[in-house]
Amino acid sequence: MYHLTLKGSVSTSDIYIGAGVFGETAKHVAEKFHPSRIHIVTDSHVAPLYLEQLSAQFPIAVTSTVIPAGEEHKNLDTIAGIYADLCAAGITRKDLIIALGGGVIGDMAGFAAATFLRGVSVCQIPTTLLAQVDSSVGGKTGVDLPQGKNLVGAFYQPELVLIDTDLLSTLPDSTFCDGMAEVIKYGCIQNASILDMVAESNFKENITDIVYECVSIKRDVVQQDEHDTGLRMILNFGHTIGHACEKLGNYVDLTHGQAVAIGMAAAAKLNAALGAPDLSERLIEILKAHHLPTELPYAREEIYGALLSDKKKMANTMNFILVDRFGEAKIHPFAIEELHQHILAL
Ligand code: MG
């Protein structure tokens with residue numbers, strides 16, 4: 001089992017990674033908290049698999065909110081429902097909220113915890129690969145508005161993150177592959193050995209080590225830039241064009257991982273056009289091996305239009321993450337019109 005700590009401005013996250021960590025949740029909770037009650041937030045996919053197993057570990061009162069699975073429920077109405085359940089359960093600031101699920105559950109339970117009574121401690125137990133390597137660590141919480149994704153939220157560190165790679169065995173293959181896009185991203189931006197690890201045909205046997213390497217990078221980056229004002233941007237490799245494609249597909253045609261895969265392949269080609277070494281061939285080979293798409297599915301002009309409305313745009317330049325060598329990312333500011341021309345040429 002691995003143990004990492006992330007020192008945030010307000011609290012320290014203890015992050016445990018390993019096969020079987022889930023079964024020791026009560027022990028880890030008792031080491032860190034002294035709650036009278038625990039409230040678990042989960043969804044309709046995860047509840048039948050793991051909710052009872054989790055609740056039964058605690059000798060104290062445990063209540064839960066089970067949300068219908070799906071991003072379409074990541075909204076303020078669902079948050080209001082969580083608040084109502086927290087009130088009914090009599091949760092106080094000394095108690096604990098546990099997020100048991102993928103990214104949507106983590107974002108919403110984290111946001112409810114950040115805001116209910118101005119802050120109740122939260123423990124993240126991510127059940128998807130994407131949530132394990134990305135969203136459960138770093139303290140970004142929030143919900144979507146009808147006007148756009150993640151427009152309301154808070155930075156609020158989970159004090160405990162329990163990442164059990166055994167939980168990945170119940171994931172549908174497509175959901176697992178979705179998370180692999182973020183795994184490959186970490187290899188591109190910071191640690192090329194991750195790419196070697198995932199290139200092995202039996203890589204799943206080493207999934208705990210792979211998840212650990214990814215989470216270590218996320219921990220390091222977040223610790224240096226908790227509130228996303230600089231370095232944390234490198235975690236967005238592949239996400240600028242990725243978000244544009246996700247938006248053009250109304251968040252239905254492409255999963256997040258698929259969109260990021262397309263975005264990384266495009267960013268590699270774009271960087272080669274700027275004169276950097278062409279990493280696209282190897283990157284595309286790895287992405288394809290993990291059943292991820294690599295071709296832009298929309299017209300270049302449409303992609304540029306969607307990208308312009310992305311919230312990361314600043315004035316007349318846009319920061320874009322590029323990788324010159326595997327394991328090394330840089331932030332490259334593009335003049336908007338220059339970027340336009342490069343995207344048309346992809
Ligand atoms: Mg992402």
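These legends accompany several close-up views of one predicted model.

**View 1. Helices α6 and α8 pack against each other at an angle of about 55 degrees.**
Here you can follow helix α6, residues 173–189, alongside helix α8, residues 207–224. Their axes are 10 Å apart. The two helices are therefore oblique to each other, and their crossing is left-handed. On the α6 side, look for F176, V183 and Y186, which meet I207, I210, C214, I217 and K218 of α8. By class, this contact has seven nonpolar residues, no polar residues and one charged residue. The charged one is K218 of α8, since Lys counts as charged.

**View 2. I210 is a buried residue of helix α8.**
This view stays with α8 and picks out I210, found in that helix. I210 has a relative accessibility of 0%, so it counts as buried. Setting aside neighbours within four places in sequence, I210 is in contact with V183, M197, V198 and F203. V183 also appears among the α6 residues that meet α8. For a sense of scale, I210 and L96 are 114 residues apart in sequence, and their C-alpha atoms are 29 Å apart in space.

**View 3. Helix α1 has its buried residues on one side.**
Which residues of α1 are buried? They are T25, H28 and V29. These three cover an arc of only 100 degrees around the axis, so they sit on the same side of α1. Their cover includes the strands β2 (12–18), β3, β5, β6 and β9 (160–164), along with helix α2.

**View 4. Helix α2 has a buried side and a face turned away from that side.**
Helix α2 spans residues 47–55, and its buried residues are A47, Y50, L51, L54 and S55. Because they cover an arc of only 125 degrees around the axis, they lie on the same side of α2. On the face turned away from this buried side you will find the exposed residues P48 and E52. What do the buried residues of α2 pack against? Their partners are helix α1 (25–32) and the strands β3 (37–43), β4 (61–67), β5 (96–101) and β6 (121–126). The link with View 3 goes both ways, as α2 is among the elements covering the buried residues of α1.

**View 5. Strand β8 carries N150 and L151.**
Strand β8 runs over residues 148–155 and includes N150. The backbone is worth a look here: N150 has a positive phi of about 50 degrees, although it is not a glycine. N150 is partly exposed, with a relative accessible area of 36%. L151 lies in β8 as well, and at 45% relative accessibility L151 also counts as partly exposed. Beyond its neighbours within four places in sequence, L151 is in contact with V143 and L145.

**View 6. Helices α10 and α11 are roughly antiparallel.**
Helix α10, residues 256–273, packs with α11 at an angle of about 165 degrees, and their axes are 9 Å apart. That angle makes α10 roughly antiparallel to α11. The crossing of this pair is left-handed. From α10, the contact uses A261, M264, A265, A268 and K269; from α11, the contributors are S280, L283, I284 and L287. Sorted by class, the contact of α10 with α11 has seven nonpolar residues, one polar residue and one charged residue.

**View 7. H291 lies in the loop between α11 and α12.**
Here the view moves to the loop that joins α11 (280–289) and α12 (300–308). Is H291 in this loop buried or exposed? H291 is exposed, with a relative accessible area of 64%. The phi of H291 is near 60 degrees, a positive value in a residue other than glycine.

**View 8. Helices α12 and α13 pack at an angle of about 145 degrees.**
The last view pairs α12 with helix α13, residues 336–344. Their axes are 9 Å apart, and α12 passes α13 in a right-handed crossing. Residues R300, E301, I303, Y304, L307 and L308 of α12 make the contact with I336, L339, H340, I343 and L344 of α13. By class, the contact has eight nonpolar residues, one polar residue and two charged residues.

Conventions. Residues numbered from 1 in each chain as written. Predicted model: local features only at pLDDT ≥ 70, side-chain atom pairs only at ≥ 80, totals over all residues. Heavy atoms only, no water. Axes fitted to C-alpha atoms, helices over the stretch in contact; angles between N-to-C directions. Helix = DSSP H or I, 4+ residues; strand = E, 2+ residues; numbered from the N terminus. Parallel < 35°, antiparallel > 145°, perpendicular 65-115°, else oblique. Left-handed = near helix turned anticlockwise from the far one by under 90°. Contact = heavy atoms within 4.5 Å. Buried < 20%, exposed > 50% of the residue type's maximum accessible area, 1.4 Å probe, protein only. Arc of directions from axis to C-beta.
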